[in-house]
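Visitor: Please show me the model, and let us then discuss its helices and sheets.

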Amino acid sequence: MTILANSNQPKSNDNDLITAVIDGIAVRVPKGTLAIRAAEMLGIEIPRFCDHPALSPVAACRMCLVEIEGMPKPQPSCAITLTEGMQVKTQNSSQVASSAQEGVMEFLLLNHPLDCPTCDKGGECPLQNQAMSNGRADSRFEGTKRNFQKAININAQVLLDRERCVSCARCTRFADEIAGDPSLELLERGAKQQVGVADDQPFESYYSGNTVQICPVGALTSAAYRFRARPFDLVSSESVCEHCASGCSLRTDSRRGKVLRRLAGDDSEVNEEWNCDKGRFAFRHLMQDRITTPLVREHGELRPASWPEAIRYAAEGLRNQRAAVLAGGRLTLEDAYAYSRFARVALGTNNVDFRNRTASSEEQDFLTNHVAGTGLGVTYQDLEDAQVVVVIGFEPEEESPIIMLRLRKAVRNKTLKVIAIDSANSLGFKKLNADLRLTKPGNESAAISELIKDLQDQNSIILVGERLASSHGAFSATVAVAEKVGARIGWVPRRAGERAAVDAGLLPNLLPAGRKVFEPRDREVVASAWGVSVEHIPTKPGLTQLEIISSAVQGEIDAIVTAGVDINDVANHAAFAAALNKTFVVSLENRASSVIEFADVVLPVGAITERAGTFVDWEGRLRTFDAVMQESLALTDARVLHLIAIELGHTFKDDAKVTSLRSSYSSLGAVSKPGTMNLVAASTTKTGLVLAGWHHLLDNGSLQAGEPHLAATARAVVAKVSSETAQANGLISGNRVIVRSKLGAITLPLEISEVAPETIWLPLNSEGSSVAMQLQIDIGAEVSVSDGGAI
Amino acid sequence: MVEIPQVIRAFGTTFLNMFKKPITEQYPEEKHLYPPKPRFHGRHQLNRYADGLEKCIGCELCAWACPADAIYVEGEENTDEERFSPGERFGKVYQINYLRCIMCGLCIEACPTRALTMTNEFELADDERGKLIYEKSDLLAPLLPGMAPAPHSMVEGFTDRDYYSGKVTGATPKQIEEAGN
């Protein structure tokens, strides 16, 4: 039998194959294959605890002992690489192996408490299962079991019960090798050996939940799921994470229509088998503050209404009005596609924008020509295979944590060099050993132009983030450099639905699949896919979100349809509120939001667990998922829009069901080659102190509501400046600093750190530091600072 | 031989029985005279320790064992402020659906803390389906003298193991005071 290498194994050609025999079956595997892996390929199950394919072998638990001919004692198959002609006998064919395993199991159970009924792992526990399959029927131990204090917190979310630990070191190896947050360690020796953290240093990691998932016993449990359910209660469904553009596959476990936990799904091409704590633990938003019935405003108050009444009310308010669609960045591809179509056909406008954040026309040009409809572009595997990856305006750990894991994997293999162009250093950059070019916000394009000498003759990839939109000329410089050195560009937005929104044409100049509003041929193709006449698609490019807001304030827009938009995410939220106040607002939402107080009609749609859909991750990969709650009657945005469109007298070729929208979209095909972007020169360098910042992964985001344990693992909220800037502005480390814009101020503790010159760094939406709300400015804007006194 | 007329012969059994002791049980008027056998499988009961703390730890093993899927349990963590059982975990929601229960007693065998036992109460009929789903409050054992209703703390100096080995004999004044509040 020949087994070919999979991606986790050393790459090899036929000459590197060796032949070994396991339980009498000959197997040809690449050199360097572990005995336990080869046995797996043959379908032979060797019991194990410490072995994990993504972690380095340690042979800590000794459960996988096998007999190998010529070796005097049983050997751990998880740490033995096969050699030519090796004869391996597992517990299936060897009494020696079998009794060795029974002995190890007896030792492991000596100190293991008999508290399976209270333990969260009970029912899905490898120790329980393997004690049954490979253990003795009884124990010969008559002493007293070792006692530890019951569960202790290793951080606010993860609890450790040391009595249950079998010292397999999976969690400590994960922390060290994968996450790069090595504060979790094995302490003490012998019978006292235990996993632990330093007293003053909890396990601060954005990936801590993974240790709970890979723990083969119930030693690590999470506060969120503790004692909540048993595996047989739960219905497990495959799903996709809605938090960021990483596109992790998830396993969602629910009971009686309620999500109880989420686990990382296994997808070797995307998240491998990890995810971040936000994706794992922040799911209560799916059930909290839900709107359950349509609402209609009457005499200034919202009152519940029936669906037909609300749809009619919305249609009447939108009929023959100068309208716009603000669709947020959280939609599925199918929903975004439906908004795109609804705006063009039913509202007769190209006034659509999804960018409820800092945005620029240069970014729009970049998205139009290099992102929209391009399909699968730079992939995770490409990042791993590259020689140089440049990240610009993008902090991988905070803004797309799975990219960080992939980059770190390649950096640890010493095949990849990471260059970062950003305003401040961070733990993520440090873990990537990044060559950090500290850049004052606004000066990125100059730093980007200098990349040419680093990227010449290298297999290189440039990842740009959403923050780059605030820097004039940066996208142009990136495209120019990439063209010169042959680098590929990946655009990594922060929100899960942004890529889908670009592909679906939720921009004023774009139709779905990269088709352009001003191209007659593109309009025809799209019109035929929709089943409408081409005159129904307006030819004039529409307004961006900023323009829509200012037009509405001036009374030039009468009606706005919004979805998944929080007005407090943007610096001009006062104008945004005024615009919504002045216009007829139709809000499609699943939970109470800041838009509701301005809405004239609120139409409740299903949460992400209640419907099928597709997210498009940053790679351009379609991440299709089914409804977790199959029995839910909730409507999708697309169906609601369809009903309003019918009321307005428009019909389409399809019925706006998820599957028909999906095929309608895919019938448009992909863009074959990138367009030509109109390159703009950078503006003059800003003088004076400017604001920099990014969103912490765990912050005040509305999808993290109702998760106290998760919130407690968020990073400290501090302002950061370099020591030179501190000196120049009279700021003292450890004191508070007051950051002022013309419209407000933020006071935070100050930390002296590696920050670009003349720059102060703030977290953008953390507790006590909501830049859009409090300062009402974007990054790159000028601020003044002063010392705020001792804390 | 004189033949007894058919009519009288036919009543023979009837007449004979007129002189026998009747075996009719006067249910429900005289049901105390006919108790079920001691090991009869009747309505379940969630037991308490001698100080009133609940024995149930919400482990769901009963629900797992149930062949009729009649039991629904949700566990929860005990806190120092609100303690319902010794140890870390207690049963927050406990329901038995007597429309489904077949009184087989596998749940009793599965219970690791002897929290769940069966009483001899057999009168499980009602006029509404909803009433036959018994909640935790319906199933909890009555408070006997010396017990204080949960939530309250454990007896000072005792661990959950002491509870399990039956070392607790009754509620302490401190526990009674806590329960009273």
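**Helix 2 and two sheets**

Guide: In helix 2 of chain A, the buried residues are A97(A), S98(A), A100(A), Q101(A), V104(A), M105(A), E106(A), L108(A) and L110(A); buried means under 20% relative accessible area with a 1.4 Å probe, protein chains only. Helices (H or I, at least four residues) and strands (E, at least two) are DSSP runs, numbered from the N terminus. This is a predicted model, in which local features need pLDDT of at least 70, side-chain atom pairs count only at pLDDT 80 or more, and totals for chains, interfaces and linings use all residues. Residues are numbered from 1 along each chain as its sequence is written, chains are lettered from A and ligands numbered from 1 in the order in which they are written, and side-chain values use heavy atoms, leaving out hydrogens and water.

Visitor: How far apart are the end C-alpha atoms of helix 2 of chain A?

Guide: Helix 2 of chain A has 16 residues, and the expected span is 1.5 Å times one less than the number of residues. The expectation is therefore 22 Å, and the model agrees: the end C-alpha atoms are apart by 22 Å.

Visitor: Which strands of chain A stand at the edges of the sheet with the order 11-12-13?

Guide: The pairing in this open sheet of 3 strands is antiparallel, where two strands pair if DSSP finds at least two bridges between them. Each edge strand has a single partner, so one side is left without a neighbour in the sheet; these are strand 11 (235–240) and strand 13 (258–264).

Visitor: In strand 13 of chain A, what is the bridge partner of T252(A)?

Guide: Strand 12 (residues 249–255) and strand 13 of chain A pair over 6 bridges. In strand 13, the partner of T252(A) is R262(A).

Notes:
Buried < 20%, exposed > 50% of the residue type's maximum accessible area, 1.4 Å probe, protein only.
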